[in-house]
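Q: Please take me through a close look at one part of this model, and then follow the thread to other spots where the backbone or the packing deserves attention.

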Amino acid sequence: MSWTRKILRVNLSKGSCTPEPLNMEWAMEYLGQRGLASKYLSEEVDPTCDALGPDNKLIMATGPLTGTSASTAGRYSVICKSPLTGAIAASNSGGFFGPEMKFAGWDMIIFEGKSEKPVYLLIQDDQVELRSAEDIWGKSAWETDDILHATHQDPQMRIAIIGRTAEAGCLYAGIINDRHRAAGRSGVGTVMASKNLKAVAIRGTGGIGNLEDADKFFEAVDAGKKVLADGAVTGQGLPTYGTQVLMNVINGVGGLPAHNMRDVGFDGAGDISAEAMAEPRKSDGKPNLVTGAGCFACTIACGRISTIDKTHFSVKDKPQYHGASGGLEYEAAWALGADTGVSDLDALTYVNFLCNEDGFDPISFGATVAAAMEMFQDGDLTTKDTGGIELKFGSAEALVAITELLVTGEGFAKDLGMGSKRLCDKYKRPELSMTVKSQEFPAYDPRGIQGMGLGYATSNRGACHLRGYTVASEVLGIPVKTEMNDAEGKPELVKAFQDATALVDSAGLCIFTTFAWGMDDIAPQIDAACEGDWSVEGCLEVGERIWNMERIFNQAAGFTADDDKLPKRMLKEAIKSGPTKGQVSRLGEMLPKYYEIRGWNPKGEVTAETRERLSL
């Protein structure tokens, strides 16, 4: 099914649920999911509003391909103004929740206002109601999932939930669905909590339909699946090793940051890698990795399901964590591991379980802990600040203790829950926050991989690898090989990746398909499913329009070119050792050219000509 042509508007202040027709004029310009929901947000929300106030809106949105047989068509996004960054947020999740929304007959749900008391939204096809969540407020996402499934006695119900960290005001809390899939970044769960909305439970029984040209669509889908199966990354690397295939690769090329990004290269990388996850443990002879897992309609199946050694200190007295659950992905393993200096695989898996159980972003959390560890090492923090925890780099015990503390929302957890920018500002070490627009870096050092540095600096949601994954080109040679340490040509590369990604995020597909697919593979699937003309050129223009619309929202929120910057560590402190020794980010060389090819003025502002060209 492409668009259902129907959205649900939920006014939490009034307790009303009202269906509306989808704005098809906007759909033709922004497609769906990230793009279309961001258009609704831009039109309905003042960019200067308090992100945690009732005037902010929270939008859960699918793409036109969500719920179809297209490979990886299991995506949905959550869009709002971010409390972490103050910028526009669009956080993407897989699993089965997005398709269930489509099967129930809805393209999008817009939440506005704030409920007086905790509630959850129950959707059973076109039957919609708000119910009291007072009995589940204060419970983890996993507990809530169990309770709601038991209450409604429907194992096929799909539920998106916030955990206790969101309720406590942690600024990087996400929204969990299917127990270990997450709209994880930028604090979208914190916005959901601010509205006293605990969960959204959906059961849809509608079938697949409403395709513009079904025969043409199935032909394009089959062709696309063959390309994925034949791809080295999508047909072999990710199915076998998951995203953790990158740990040893990025470490080997000199792009893996460590110890709050003071260093590049981590001696313990092999101990927390995909290969290590598959090795039998000495204690019980069983590997960390139980099996791979796929989201709805996914032919890649990069997900990991893991177990922890039952005798490990983190879980030996906690049988609730002895079963199999969502395992480490690369970004989480880096943030919780290399960035904190911890190489204990079981400890990282346990902390990852907690991130899923209570719904907080492991990237922002791990990077914030790493900043705290550096301050602890320098004497800016002591055990009096940390609640008695010896917050030292490399300490698995400290990492476990500080994670368990975060869930309580008490003491030093309140500082950690602010994110590294506010934490470092509070303790007067702002230079130790590895962030852009207050969002923490992911697992690629911008000194070693130049395109990623430009991508971080210009990302509309703060530092992010999934807004333009130039690692594909700079490290993996997809679709063409560019040199990691070259600045020349990177503005064009970054823009191309950013525009294409905006389109993919708006279609309902997973960005991992682009390790094999080009727009020549994606556009025919959209064109066959949707009315209108969705040529390659047209799709790329939609992606460019979305990127510029997000930029305009941020400018109205108060962001300027001064926010397109990297921490001084990335610009001044050269990499000390390894293949990329001596390098710093050459952002200053790349940024003016990037503005130029974007059609922005030297101040980074979207010009009138660009607005007119893109119908903004």
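**From a proline loop to the buried helices**

A: Let's start at Pro-479, which sits in the loop between helix H19 (471–474) and H20. The peptide bond joining Ile-478 to this proline is cis, with omega at about -5°. Helices (H or I, at least four residues) and strands (E, at least two) are DSSP runs numbered from the N terminus. This is a predicted model, in which local features need pLDDT of at least 70 and side-chain atom pairs count only at pLDDT 80 or more, while totals for chains, interfaces and linings use all residues. Residues are numbered from 1 along each chain as its sequence is written, and side-chain values use heavy atoms, leaving out hydrogens and water.

Both H19 and H20 help to cover the buried residues of H18, along with E18, H22 and H24. Nine of the nine residues of H18 are buried (under 20% relative accessible area, with exposed meaning over 50% and partly exposed in between, for a 1.4 Å probe and protein chains only), so this helix is largely enclosed by the rest of the structure. Going along H18, they are Gln-450, Gly-451, Met-452, Gly-453, Leu-454, Gly-455, Tyr-456, Ala-457 and Thr-458.

Now move to H24, which spans residues 587–598. Its twelve residues reach 16 Å from the first C-alpha to the last, close to the 16 Å expected at 1.5 Å a residue (1.5 Å times one less than the number of residues). Leu-587, Met-590, Leu-591, Tyr-594, Tyr-595 and Arg-598 are buried in H24. Looking down the helix axis, you would find these buried residues within an arc of 135°, so they line one face of H24; the arc is taken from the directions from the axis to the C-beta atoms. On the other side of H24, Glu-589, Pro-592 and Glu-596 are exposed. The buried residues of H24 pack against helix H18 (450–458), helix H20 (490–507), helix H22 (536–557), helix H23 (568–572) and helix H25 (608–613), where contact means heavy atoms within 4.5 Å. Just after H24 comes Gly-599, whose phi is positive, near 80°.

E18, one of the elements covering H18, leads us to Arg-429, placed in the loop between helix H17 (420–426) and strand E18 (435–436). Arg-429 is buried, with a relative accessible area of 17%. Its side chain makes a polar contact of 2.6 Å with the side chain of Glu-431 (a pair of N or O atoms within 3.5 Å; within protein, one must be able to donate a hydrogen and the other to accept it, and residues adjacent in sequence count only if both atoms are side-chain atoms). Leaving aside residues up to four places away in sequence, Arg-429 touches Met-375, Asp-378, Asp-380 and Cys-424.

Two more loops are worth a visit for their backbone angles. Thr-72 is not a glycine, yet its phi is positive at about 70°. The loop that holds Thr-72 runs between E3 and strand E4 (76–81), and at 3% relative accessibility this threonine counts as buried. Asn-260, also not a glycine, has a positive phi of about 55°. You will find Asn-260 in the loop between strand E13 (257–258) and strand E14 (263–264), buried with a relative accessible area of 1%.

E3 in turn points us to strand E6 (residues 108–112), where five of five residues are buried. From E6, Met-108, Ile-110 and Glu-112 point one way, while Ile-109 and Phe-111 point the other way. Strand E1 (residues 6–11) runs parallel to E6 and is joined to it by five bridges (strands pair if DSSP finds at least two bridges between them), with Ile-7 opposite Met-108. Strand E3 (residues 58–62) runs antiparallel to E6, with four bridges between them; here Leu-58 has Phe-111 as its bridge partner.

Last comes an open sheet of six strands, in the order E8-E7-E12-E9-E10-E11 and with mixed pairing. Strands E8 (127–132) and E11 (181–183) stand at the edges, each with a single partner strand, so one side of each is left without a neighbour in the sheet. Further in, E7 (residues 119–124) and E12 (residues 197–203) run parallel and are joined by six bridges. Among the residues of E7, Tyr-120 has Ala-199 of E12 as its bridge partner.
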